[in-house]
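Subject: Structure handover and notes

Hello,

Here is the structure we discussed, with my notes underneath. Please read them with the coordinates open.

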Amino acid sequence: MPLTVAVQMDPIERINVAGDSTFALLLEAQARGHKLLYYTPDRLALRDGRVTAAVQALAVRDEIGNHATLGAPKLMDLAETDVVLLRQDPPFDLAYISTTHMLERIHPKTLVVNDPASVRNAPEKIFVMDFIDLMPPTLITRDRAAIDAFRAEHRDIVMKPLYGFGGGAVFRLTEHDLNYGSLYDMFATSFREPWVVQRFLPKVSEGDKRIILVDGEAGGGVNRVPQPGDLRSNMVRGGAAGATDLTPREKEICARLGPFLKERGLIFVGIDVIDGNLTEINVTSPTGIRAIKNFGGPDLAARIWDVIEAKRRG
C-alpha cells in the first residue's frame, strides 16, 4: 500500500546526492510508489494541538544538479501522513529539541523515524555512556581540574564538543602540548555545555568504522581513514571510505546495542568504532548507507523501508 511520507530535512538543494543517506531513503521510497512531501524544520508549527508544516510535493532523481523537483507549498496537518522522516542534521540544540517535542504529538499514529522522544533523550555522546565497557576511557565535563586529572592519567587525549558533529572542533592533545591551556579557554568561551574528553586511540589512523544498525540489527559498515596529517576520519572532512567486514568484536558491540535501540524505536542508527572501541551512537541523522552500497554492501535503504512498511502494516 502506498504511504504518504513527509521528510523533515535541511534544504534539499544543498545536499550532496552522491553520499546523502536521506536522499537514498527518498529514492527508495519513491521507487516503491510512496508519495513524498518535503519541508524544512522552520516550517513546522504547533497550533491548537495540531502539528502542521508547509509541505511541498517532492520528486527525486539520482542526477547531480538535477536531483529534486518541488511543488508549491501547502499547509498540511502532519497527523494525516503515514510516516515522517526526521532527518535534519545537527547541531542538536534547542531548535532541534523543539521539533522533537512537536513531532512526539503525532507519533506513533504517524510513524516518526527515528522516534522523536528517543532522539531527544539519547544525545549521541551521552547515550553511548550507557555502554562504558565497550568504550575508551571517557570524561564529560567542563571542569578544568577533572580534565587535568584525566589528562595526567591518559597523557594522550582527544577533546570535542558534546553536541558537535561532522568532525568539527575535534582536537588531539599530547602529554606536553603547550596549546592545552589556550584550547581549554577557547572551549570554555565557545561552548556553554560540557565537552567530551577521551583517551586517544592511535589506530584511528587505520580507520574509524561507521556501522549501520537497522531496527537493532547490524546492517553493514564502511571504514573511514583520515587524510595524512588529520585526526578526523569523517568523509565531510576528507576521510577516505573503503569496504570493510565486521569483526567479531564489532558484531559483539552491535549485539549489545541492538535490543536497546529497537526498544526505543531507533530504526536507523549509525555507530562509530575505532580499534574495537565504541565512540559514538548516532541517532539524529546518521549517514553511510550510500557508501556501504557503493562498496558492495547491502542496500540498507531498502532494508529500512522494509522495516517501516512492516511497522505501518502492524
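The notes below go through the sheets, two of the helices and the cavities.

The model is predicted, not experimental.

**The five-stranded sheet**

One open sheet has 5 strands in the order β15-β14-β13-β16-β17, and its pairing is antiparallel. β15 (240-242) and β17 are the edge strands, each pairing on one side only. From one strand to the next, the twist averages 30°.

Going through the pairs, β13 (residues 208-214) and β14 (residues 217-225) are antiparallel and share 7 bridges. Within that pairing, arginine 210 has valine 222 of β14 as its bridge partner. β13 is also joined to β16 by 6 bridges, again antiparallel. Here valine 214 is partnered by phenylalanine 268 in β16. On its other pairing, β16 runs antiparallel to β17 (residues 277-282), with 5 bridges between them. Isoleucine 271 and isoleucine 281 of β17 are bridge partners in this pair. β16 and β17 form a hairpin with 2 residues between the strands, and aspartate 275 has a positive phi near 50° there.

**Strand β16**

How many of the residues of β16 are buried? The count is 7 of the 7 in residues 268-274, so the strand is largely enclosed by the rest of the structure. The cut-off behind this is a relative accessible area under 20%. In a regular strand, side chains alternate between the two faces of the sheet. In β16, Phe268, Gly270, Asp272 and Ile274 point one way, while Val269, Ile271 and Val273 point the other way. Both sets are buried.

Asp272 has a contact worth looking at. The side chain of aspartate 272 makes a polar contact with the side chain of asparagine 282, at 3.4 Å. Asparagine 282 belongs to β17. With a relative accessibility of 9%, asparagine 282 counts as buried. The aspartate is buried as well.

**The four-stranded sheet**

A further open sheet consists of 4 strands in the order β9-β12-β10-β11, with antiparallel pairing. β9 (138-141) and β11 (171-173) are at the edges with a single partner strand each, so one side of each has no neighbour in the sheet. The twist from one strand to the next averages 25°. β10 (residues 157-161) and β11 run antiparallel and are joined by 3 bridges. The bridge partner of valine 158 in this pair is arginine 172 of β11.

**Helices α1 and α7**

α1 (residues 21-31) is mostly covered, with 9 of its 11 residues buried. The buried residues are Ser21, Thr22, Phe23, Ala24, Leu25, Leu26, Leu27, Glu28 and Ala29. At the start of the helix, a side-chain oxygen of aspartate 20 comes to within 3.0 Å of the backbone nitrogen of threonine 22. After α1 comes glycine 33, which has a positive phi near 90°.

In α7 (residues 248-263), I looked at glutamate 252. Glutamate 252 has a relative accessible area of 39% and is partly exposed. The C-alpha atoms of glutamate 252 and leucine 134 are separated by 9.5 Å, with the two residues 118 apart along the chain.

**Cavities**

What did the cavity search find in the whole structure? There are 2 cavities of 30 Å³ or more.

- The largest has a volume of about 80 Å³. Its lining is made up of Pro90, Phe92, Val119, Ala122, Pro123, Glu124, Lys125, Leu162, Tyr163, Gly164, Val283 and Thr284. By class, these are 8 nonpolar, 2 polar and 2 charged residues.
- The second largest has a volume of about 30 Å³. Leu25, Leu85, Leu86, Arg87, Val113, Asn114, Phe268 and Thr284 line it. This lining has 5 nonpolar, 2 polar and 1 charged residues.

Some of the lining residues connect back to the earlier sections. Thr284 appears in the linings of both cavities. Leu25, in the lining of the second largest cavity, is one of the buried residues of α1. Phe268, also in that lining, is the β16 residue that bridges to valine 214.

Regards

Note on methods: Residues numbered from 1 in each chain as written. Predicted model: local features only at pLDDT ≥ 70, side-chain atom pairs only at ≥ 80, totals over all residues. Heavy atoms only, no water. Buried < 20%, exposed > 50% of the residue type's maximum accessible area, 1.4 Å probe, protein only. Pairing = 2+ DSSP bridges. 1 Å grid on protein atoms, 1.4 Å probe; cavity = no way out; pocket = protein on both sides within 12 Å on 5 of 7 lines; lining within 4 Å. Points joined across faces, edges and corners; volume = space filled by probe spheres on them. Nonpolar A, V, L, I, M, F, W, Y, C, P; charged D, E, K, R; others polar. Polar contact = N/O pair within 3.5 Å; in protein donor to acceptor, adjacent residues only side chain to side chain. Axes fitted to C-alpha atoms, helices over the stretch in contact; angles between N-to-C directions.
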